[in-house]
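Q: I should like to learn how to read the metal sites, helix packing and burial in a protein model. Could we work through one example together?

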Amino acid sequence: ILSCAAFAMAVLLLAAARSALRRVPLSESIRDALWRREFHLVYQPVVELKTGRWVGAEALLRWRRSTGEQVRPDVFISVAEESGVIEEITDHVFELVTADMAGFFESHPHFHVAINVSSIEIQSPDVVSRLTKFCAGVTGANARNFVIEATERSLIDPEKARNIMEEIRKLGFAVAIDDFGTGYSSLCYLQTLSTDYLKIDKSFIDAIDTESVKNDVVLHIIALAKDLQLRLIAEGVENAAQATYLRDRGVEYAQGWHFAKPMTCRELLSSLGRQTAE
Ligand code: C2E
Ligand code: CA
Ligand code: CA
Ligand code: CA
């Protein structure tokens, strides 16, 4: 009877410990995970539609917990933004890119790596010095080897964001507005915004050939980019029909599973090595 009670007690304790574990806020787990180095980057090629050449790659963050569980970036990035650990995450991304890309640009001077920077950070001037420091630390790299992606959705304070984006571009970095078309920036604001690329959100690409109304939106975005002399990157291109549609209408660049899925740094570098050899 005694051992039976002890067993029941142990089970109860275990259950309590487990539920306590579950109650650890995700934001704290993120700090812990940074410390344990549970993050790594994968890179998705950016393709020039006319030639099929890989001209760059977007760095995308992956979190694999010690339990083996993968946490999706859309989940942990929004928690990080709300809880104020986003700068630590971005600094860690800088560190990972610095290690992954050391020396790489010496043999690929025209290649770029795109980095997602939270729009919260784009509101704060110290992002400029953080970027300067980051770029100086990447062996063989120049600011023009990097594209800084900021989502349109949260460019809340347009005035502030505009000035900071201008500073970033003055340093030689390119700037891209991510998820373009899903936010609420007014055209007037866009006209004065300092940016190089617009990334057409996947939802508009999905609709090509199926929903004519959204097709119209893609055509409007293309016309707008032409007027404002901005370059377009289509995201989430999943089939040849979409790729052809975009290419024929003058969209220069695309990303998507049709061309390549996100891959490890090693896979990227060895594929690029093969492409150059061809
Ligand atoms: P995003 O910046 O819009 O990145 C594009 C997302 O679309 C990526 O998801 C990518 O894997 C996925 N994708 C690319 N091509 C296709 C396709 O053909 N079909 C489909 N269905 N999906 C495709 P991922 O890697 O899960 O990232 C989700 C979001 O998390 C990103 O959206 C970005 O907003 C955020 N994120 C990822 N890494 C970072 C990071 O290092 N820093 C910050 N601040 N945000 C990040
Ligand atoms: Ca992005
Ligand atoms: Ca995007
Ligand atoms: Ca997106």
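The dialogue below takes up the overall make-up, then the metal sites, the helix packing and two single residues.

Q: How many helices and strands are there in the protein?
A: One begins with the status of the model, which here is predicted. The protein has 13 helices and nine strands. Of its 278 residues, 45% are buried. Among contacts with a separation of 6 or more, 68% join residues 24 or more positions apart.

Q: Which residues coordinate the calcium ion (ligand 2)?
A: A metal site is read by listing the donor atoms within a cut-off, which for Ca is 3.2 Å. For the calcium ion (ligand 2), the donors are Glu58 (OE), Asn116 (OD1), Glu149 (OE) and Asp178 (OD), at 2.2 to 2.3 Å. Along the chain, these donors follow the spacing E-x57-N-x32-E-x28-D. Asparagine 116 belongs to strand S4 (residues 112–116) and glutamate 149 to strand S5 (residues 146–151), so this pair ties together parts that are 33 residues apart in sequence.

Q: Are asparagine 116 and glutamate 149 buried or exposed?
A: Burial is read from relative accessibility: a residue is buried under 20%, exposed over 50%, and partly exposed in between. Asparagine 116 has 29% relative accessibility and therefore counts as partly exposed. Glutamate 149, at 2%, counts as buried.

Q: Which residues are the protein donors of the calcium ion (ligand 3)?
A: The list holds Asp178 (OD), Asp179 (OD), Glu235 (OE) and Glu235 (OE), lying 2.1 to 2.6 Å from the ion. Glu235 thus appears twice in the list. The spacing of the donors along the chain is D-D-x55-E. Aspartate 178 lies in strand S6 (residues 174–180), whereas glutamate 235 lies in the loop between strand S8 (231–234) and helix H12 (240–248); the pair therefore ties together parts 57 residues apart in sequence. Aspartate 178 and glutamate 235 are both buried.

Q: Which residue coordinates both the calcium ion (ligand 3) and the calcium ion (ligand 2)?
A: A bridging residue is found by looking for a name shared by two donor lists. Aspartate 178 bridges the calcium ion (ligand 2) and the calcium ion (ligand 3), and these ions lie 3.9 Å apart.

Q: What are the protein donors of the calcium ion (ligand 4)?
A: They are Asp179 (OD) and Glu235 (OE), at 2.6 to 3.1 Å from the ion. Aspartate 179 coordinates both the calcium ion (ligand 4) and the calcium ion (ligand 3), which are 3.3 Å apart. Because aspartate 179 is in strand S6 and glutamate 235 is in the loop between S8 and H12, the pair ties together parts that are 56 residues apart in sequence. Aspartate 179 counts as buried at 13% relative accessibility, and glutamate 235 counts as buried at 14%.

Q: At what angle do helix H4 and helix H7 pack?
A: Helix packing is read from the angle and the distance between two axes, and an angle under 35 degrees counts as roughly parallel. Helix H4 (residues 86–100) and helix H7 (residues 126–137) pack at about 20°, with their axes 9 Å apart. H4 is therefore roughly parallel to H7. The crossing of H4 and H7 is right-handed. On the H4 side, Glu87, Thr90, Asp91, Phe94, Val97 and Thr98 take part, and they meet Asp126, Arg130, Leu131, Phe134 and Gly137 in H7. By class, this contact has four nonpolar, three polar and four charged residues.

Q: Which residues meet where H7 packs with H8?
A: The axes of H7 and helix H8 (residues 158–170) come within 9 Å and cross at roughly 20°, so H7 and H8 are roughly parallel to each other. Their crossing is right-handed. Val127, Val128 and Leu131 in H7 meet Ile164, Glu167 and Ile168 in H8. The contact of H7 with H8 has five nonpolar, no polar and one charged residues.

Q: Where is leucine 198 found, and with which residues is it in contact?
A: For a single residue, one reads its element, its burial and its contacts. Leucine 198 is in strand S7 (residues 197–200) and is buried, with a relative accessible area of 0%. Beyond its neighbours within four places in sequence, leucine 198 is in contact with Ile177, Phe180, Leu190, Ala225, Leu230, Arg231, Leu232 and Ile233.

Q: Is histidine 92 buried or exposed?
A: Histidine 92, which is placed in helix H4, counts as buried at 5% relative accessibility. Leaving aside neighbours within four places in sequence, histidine 92 is in contact with Leu34, Arg37 and Phe39.

Terms used. Residues numbered from 1 in each chain as written. Chains lettered and ligands numbered in written order. Predicted model: local features only at pLDDT ≥ 70, side-chain atom pairs only at ≥ 80, totals over all residues. Heavy atoms only, no water. Donors = N, O, S within 2.8 Å, 3.2 Å for Na, K, Ca; no water. Helix = DSSP H or I, 4+ residues; strand = E, 2+ residues; numbered from the N terminus. Buried < 20%, exposed > 50% of the residue type's maximum accessible area, 1.4 Å probe, protein only. Axes fitted to C-alpha atoms, helices over the stretch in contact; angles between N-to-C directions. Parallel < 35°, antiparallel > 145°, perpendicular 65-115°, else oblique. Left-handed = near helix turned anticlockwise from the far one by under 90°. Contact = heavy atoms within 4.5 Å. Nonpolar A, V, L, I, M, F, W, Y, C, P; charged D, E, K, R; others polar.
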